[in-house]
Structure formats: C-alpha cells, structure tokens
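Work through the exercises below with the structure open. Try each task before reading its solution.

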Amino acid sequence: MPIIKTENLTKKFKDLLAVDDVSLEVEKAECFGLLGPNGAGKTSLIRMITAVSPPTKGDIWVLGNDLRTHSRQVKTILGVVPQLDNLDPDLTVLQNLLTFARYFDIPKDEAYRRSLEVLSLFELESKVNSHIRELSGGMKRRLLLARGLINLPKILVLDEPTIGLDPQAKYLVWHKLSELKSQGVTQLLCTQNMEEATVLCDRVAIMHHGKILSLGSPQELISRYVGSDVWEIDVNPEERERTIKELDSRGLDFDEAGDKIHIFHIEAGEQVAGLVNFPECLRRRPATLEDVFFRLTGRSLIE
Amino acid sequence: MKPFSWRFIRVWQRNRDVFFRLWHSEAPGFIAEPIIILLAMGFGLGAYIGLVDGQEYIEFIAPGIIAAYAMFSASFECTYGSFVRMEYQKTYDAIIATPLSVEDVTAGEIFWGATRSLMTGTVILVIAAAFQLVPSPWAVLIPAVSFLEGVMFASIAILFTSIVPAIYSFNYYFTLFITPMFFFSGVFFPLSSFPEIVQTLSWIVPLTPVVHLTRALINGEFHLYLLWALALIIILTVLFFSLSLITMRRRLTI
C-alpha cells in the first residue's frame with residue numbers, strides 16, 4: 001500500500017490552475033522528489049498533502065486515511081519543513097521546540113529530551129538558549145529541520161530544505177536525511193537543486209504548469225530523456241544554421257541552449273564526427289538531471 | 001463552520017508563555033494608563049463636576065474605565081498582535097501544520113485576548129478598591145464580566161483581522177469603532193447627556209452593555225435592563241465568534 005496516494009488532485013485559484021489532475025503514489029520509506037520551475041505547483045501540491053489547503057477536486061490518502069476526514073490524525077505523523085522561516089521569534093530556540101512539541105501533546109519530559117536530541121542532530125546544541133534573531137540563516141534552516149522531527153514523523157515533507165545553506169551545512173542535512181530514510185522515514189522533497197534530487201531521491205516527478213510531466217528514478221529519467229552523456233557544441237552565429245541542418249540530416253536529438261547546442265542519446269563517437277571545424281568546440285560530459293529538467297520544462301523564464 | 005477542539009489551549013499556552021516573558025513591555029499600556037486616566041480625570045476633572053447620578057465623578061468613571069481598558073486589551077491583542085503573528089511571523093501557518101486546526105488557532109487567540117481583558121479588568125478593579133471606589137461585594141463578579149467582554153471584543157477583532165489586507169487597516173478599526181465607543185458608551189458621561197439619536201445608537205454598540213453591567217456590580221444596584229445588556233453581550237459574542245471561525249479558515253487555508 002502506498003503511504004501517500006493522490007487521485008485526480010486539482011487546485012484552482014481564481015484564474016490559475018495551480019495543480020492539474022495529479023495522481024501519484026509515494027511508497028513507504030522512499031524519498032520522493034518534486035522538481036519543477038517556480039510556479040509549477042509543487043508548493044500547492046504539498047500544501048494539499050499536508051492538509052493545510054483543501055483540494056478543489058480529487059482525493060488524498062495518507063497511510064490509507066482519507067485526508068478529508070482524518071486530517072488531524074494525518075498531521076500527527078507528518079513532519080513539515082516549510083520553505084519560509086516560520087520559527088517563533090518571540091521564543092528562544094529551546095522554547096520553540098518545546099512549544100511545538102506541545103502542539104503534538106508530547107509530555108514535557110519527553111519533549112525536553114527530544115528537543116536536545118534534534119538540536120544535537122543538526123549541531124545546534126550551543127544555541128539552546130539563543131533567540132531566533134541571533135541565529136544565522138543557515139542555523140534557522142537547520143532549526144526548522146530539527147523542529148520537523150520533534151514528533152518522530154513517519155513522513156517528512158520538505159520544501160527546499162537546503163536553500164541558502166553553505167556546502168558544509170548542506171552535506172550535513174543530506175547526510176541526516178539519508179539516515180532518516182534508512183530508518184524508514186518516508187520523505188516528500190520539493191527542490192530546485194538537481195544535485196540534491198539526484199543524491200537523495202529514489203524517484204522524482206518533474207512538474208510543469210501543474211502537471212507531472214515525467215516520473216522515475218533520476219537515472220531512469222536521465223537515460224530516457226538524455227542518454228548517458230551530453231555532447232555540447234559551441235557555435236558561432238554564422239555556422240549555426242549549417243550545424244543545425246547537419247544535425248537534422250543525421251537524425252540526432254538536440255536542443256539549442258543559448259550559444260551552445262546540446263546533443264543527446266549519442267551511442268558512438270562517429271555520430272558527431274565532423275560537426276565542427278575546431279575540435280575544442282565539441283565536448284562530452286556526463287548527463288545530469290538538470291539536462292532532463294531543461295528538456296522537459298524548456299529554457300525560457302516561466303514567471 | 002467547523003467547531004474548535006480542546007487543543008485551542010495549546011495556542012493559549014503559547015501566548016501566555018510569550019506574554020510572561022515580555023509582560024513588562026505590555027504593563028504600561030494596560031495598567032499604568034488606566035490608572036493615570038482614572039486619577040487624572042477623577043480627581044482633576046472631578047473637582048469641577050458635581051455629583052453624577054448621585055456619585056462622585058471618580059466613582060462614576062471607575063467601572064467605565066475597567067470596561068473600556070478590558071476592551072482595549074482584547075482589541076489590541078487580536079488586531080495588531082494577531083496580525084503580526086499571522087502575517088509577519090507566520091506563526092499560524094506553523095501551527096496548522098501540527099494536529100491543531102485553524103479553528104483551534106482562532107479560538108486560542110480569542111480566549112487569550114479574553115484572558116488579557118480579564119487581567120486588565122481585575123488589576124484596575126483591585127486598584128479602584130484600594131481607593132475605596134468599590135462599595136458593593138457584587139464586584140467580585142466583575143472579572144467574569146471582563147472575561148466575557150474579552151471574548152466578545154476578541155471575536156470582533158479577530159474577524160476584522162481575518163479580512164484586512166494590511167496592518168494599516170487597523171487605524172480604521174480603532175478610529176471609527178473603538179475610540180468612539182470609549183466616549184459614547186457611558187464611560188465618562190451618563191448616556192442621558194447625549195442627544196436622543198446618540199443614546200439609541202449607544203445602546204446597540206457592544207461596550208455600552210458592559211459599562212452598565214460593570215457599574216451595576218460595583219454599586220450593587222440592579223435594574224431589569226441589565227438582562228438586555230447581558231443578552232446583547234452573549235448574542236454578539238456567539239455571532240462574532242462563529243463568524244471569525246469561518247473567515248479565519250477562509251484566510252488561512254487558501
């Protein structure tokens with residue numbers, strides 16, 4: 001049984017279709033990534049799944065519970081890490097965690113024990129009695145993650161968990177998230193960081209204009225849409241037309257990307273032989289999820 | 001409309017904890033100010049005014065000041081206070097991601113606002129008693145009236161908070177609603193001093209019945225119209241409390 005299941009989920013704002021008929025299933029103990037440009041509908045989808053925004057149409061089940069009738073039970077086992085800082089600035093670090101634990105009816109002693117535990121998990125022990133305004137942006141983010149674990153959630157919902165973190169903190173967070181996954185905590189991860197999705201996610205869904213365009217493991221998606229490598233050509237404007245004609249005549253799969261052309265699904269080096277006059281204008285590099293992202297959602301700005 | 005649950009107490013506890021951490025910054029507005037008004041108006045202006053309804057002026061205004069500042073406490077708490085928590089600190093968003101519902105949050109805010117009224121009303125009552133301005137033992141019921149009054153004004157305030165676009169909108173609330181009541185609800189002058197039309201209007205705004213009820217309890221003098229006063233308070237409370245649960249859900253769960 002999937003731990004999260006949505007069927008024909010739709011969210012409509014006045015004249016905007018934010019989420020358009022999305023059906024998906026998240027399996028227990030997997031990390032499921034939601035990727036998409038700004039305004040793709042990721043946050044709207046997550047808000048519906050975490051029971052803070054009612055669907056315009058469609059159904060959601062979490063652990064077999066219909067969210068419409070069991071939102072309170074579901075919220076008990078969810079840990080939500082929001083994109084925007086909503087820590088309580090009127091309270092200290094420890095009070096933030098204790099107050100949050102109280103929302104979950106966690107007894108005082110237990111709440112205190114767990115608070116210290118999650119603080120040490122994210123290396124915030126020295127900040128126990130600090131005020132929120134004394135924390136750096138990265139510390140606030142780690143505190144939001146720590147807070148999300150206070151109720152020992154079965155499902156962790158993360159909206160851009162490492163945005164604004166320095167590389168050290170980012171790797172710390174990734175490491176902790178993989179540990180949690182191996183302990184059986186299901187994760188629903190919204191991100192625009194392709195490396196993060198590749199490292200953490202078992203499966204990713206690429207969203208665009210409220211719809212899921214494609215779904216699979218990062219490797220599957222890469223080999224489906226890009227192949228194992230990307231061949232990149234620098235083209236100057238005079239040669240552009242000729243090169244494109246040549247690529248077409250060879251039946252190759254390519255995209256124009258600014259002053260470059262990306263060629264995909266190349267099986268053998270001969271396929272690209274003689275395309276350029278200077279060998280340094282042709283490069284081969286490993287394909288990434290980012291290539292998939294651009295292929296599916298385009299290169300122009302969305303907003 | 002969905003009902004609220006006992007979990008509202010969690011929001012109340014959160015606000016209580018914050019209040020007792022920062023109470024010294026709140027005290028001047030709700031303890032010092034009413035006492036200054038009571039003494040300045042009572043002794044200062046009172047020296048030029050003869051008996052009002054058979055009482056010294058300071059005795060006349062004491063119950064009105066209790067009712068008015070209890071109103072201010074709940075009103076500030078559930079307009080500026082709630083709006084900052086809702087829009088700037090995103091505290092409500094954080095809370096509704098836990099087992100608490102929007103209705104629990106709304107009720108928690110309202111009952112906390114009412115608790116502020118209760119505290120303010122009680123402190124002024126005790127000080128008025130120290131100045132021997134409280135002749136009747138019925139006055140022990142005043143904290144209960146202040147609390148009920150608080151639930152009513154907190155509900156009206158939170159309803160307004162749930163529909164305003166920006167914090168500046170509260171200028172209208174205080175200038176056009178709260179301040180006129182402060183002057184036209186029988187706090188400083190008997191209603192009979194006003195033209196007929198103001199008297200009639202005065203009887204349907206929510207502060208007037210509270211002032212009458214508080215004054216009756218302080219003096220131990222009861223009239224039949226106090227039943228109407230109590231009924232009006234209860235009707236307005238139930239009405240605005242229910243409405244605010246609906247409008248707050250609409251605001252937070254888009």
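## Exercise 1: Confidence

Task: find where confidence is lowest and where it is highest in chain B.

Solution. This is a predicted model. In chain B, the low end is helix H7 (residues 196-202) of chain B, with a mean pLDDT of 87. The high end is helix H5 (residues 142-163) of chain B, at 98. Next, take the chain as a whole. Chain B has a mean pLDDT of 93, and 100% of its residues reach 70 or more. Finally, turn to the scores of the model. The ipTM is 0.91 and the pTM is 0.92.

## Exercise 2: Overall layout of chain A

Task: describe the secondary structure, extent and domains of chain A.

Solution. Start with the elements. Chain A holds 10 helices and 14 strands. Its C-alpha atoms fill a box of roughly 70 × 45 × 35 Å along the principal axes. Now split the chain. The assignment gives domain 1 (4-217) and domain 2 (229-286) in chain A. The C-alpha centres of these two domains of chain A lie 41 Å apart.

Then check burial and contacts. Of the 303 residues in chain A, 40% are buried. Take the contacts in chain A between residues at least 6 apart in sequence: 70% of them join residues at least 24 apart.

## Exercise 3: The interface

Task: determine which elements of chain A give two or more residues to the side that touches chain B.

Solution. Count the contacts first. On chain A, 20 residues are in contact with 19 residues of chain B. The elements that give two or more residues to this side of chain A are helix H2 (67-76) and helix H3 (93-103) of chain A. H3(A) supplies the largest share, 5 residues. Last, sort this side of chain A by residue type: 9 nonpolar, 6 polar and 5 charged.

## Exercise 4: An open sheet

Task: give the strand order of the open sheet of 4 strands in chain A, then name its edges.

Solution. The order is S12-S13-S11-S14 (chain A), with antiparallel pairing. Strand S12 (253-257) and strand S14 (282-286) of chain A each pair on one side only, which makes them the edge strands. Neighbouring strands in this sheet are turned by 25° against each other on average, direction ignored.

Zoom in on one pair. S12(A) runs antiparallel to strand S13 (residues 260-264) of chain A, and 5 bridges join them. For a register check, take A:Asp255: its bridge partner in S13(A) is A:His262.

## Exercise 5: A buried strand

Task: which residues of strand S3 (residues 31-35) of chain A point one way, and which the other way?

Solution. In a regular strand, side chains alternate between the two faces of the sheet. In S3(A), A:Cys31, A:Gly33 and A:Leu35 point one way. A:Phe32 and A:Leu34 point the other way. Now check burial: 5 of the 5 residues of S3(A) are buried.

Next, find the pairing partners. S3(A) runs parallel to strand S8 (residues 186-191) of chain A, joined by 5 bridges. Here A:Leu35 has A:Thr191 as its bridge partner in S8(A). S3(A) also runs parallel to strand S9 (residues 203-208) of chain A, with 4 bridges. In S9(A), A:Arg203 is the bridge partner of A:Phe32.

## Exercise 6: Positive phi

Task: place A:Asp21 and A:Leu63 in the fold, and give the phi of each.

Solution. Most residues other than glycine have a negative phi. A:Asp21 has a positive phi, near 60°. A:Asp21 is found in strand S2 (residues 16-26) of chain A. A:Leu63 also has a positive phi, near 50°. A:Leu63 lies in the loop between strand S4 (57-62) and strand S5 (65-66) of chain A.

Now classify their surroundings. A:Asp21 has 15 other C-beta atoms within 10 Å, so it is partly exposed. A:Leu63 has 17 other C-beta atoms within 10 Å, so it is partly exposed.

## Exercise 7: Helix H10

Task: which residues are buried in helix H10 (residues 289-297) of chain A, and what follows H10(A)?

Solution. The buried residues include A:Leu289, A:Asp291, A:Val292, A:Phe293 and A:Arg295. Now step past the end. A:Gly298 follows H10(A), and its phi is positive, near 85°.

Technical notes:
Residues are numbered from 1 along each chain as its sequence is written. Chains are lettered from A and ligands numbered from 1 in the order in which they are written. This is a predicted model: local features need pLDDT of at least 70, side-chain atom pairs count only at pLDDT 80 or more; totals for chains, interfaces and linings use all residues. A residue is buried if 20 or more other C-beta atoms lie within 10 Å of its own, exposed if 12 or fewer, and partly exposed in between; C-beta atoms are placed from the backbone. Two residues are in contact if their C-beta atoms, placed from the backbone, lie within 7 Å. pLDDT is the predictor's confidence in each residue, from 0 to 100. Domain bounds come from an automatic or database domain assignment. Ala, Val, Leu, Ile, Met, Phe, Trp, Tyr, Cys and Pro count as nonpolar, Asp, Glu, Lys and Arg as charged, and the others, Gly among them, as polar. Two strands pair if DSSP finds at least two bridges between them. Axes are lines fitted to C-alpha atoms, for helices over the stretch in contact, and angles run from 0 to 180 degrees between N-to-C directions.
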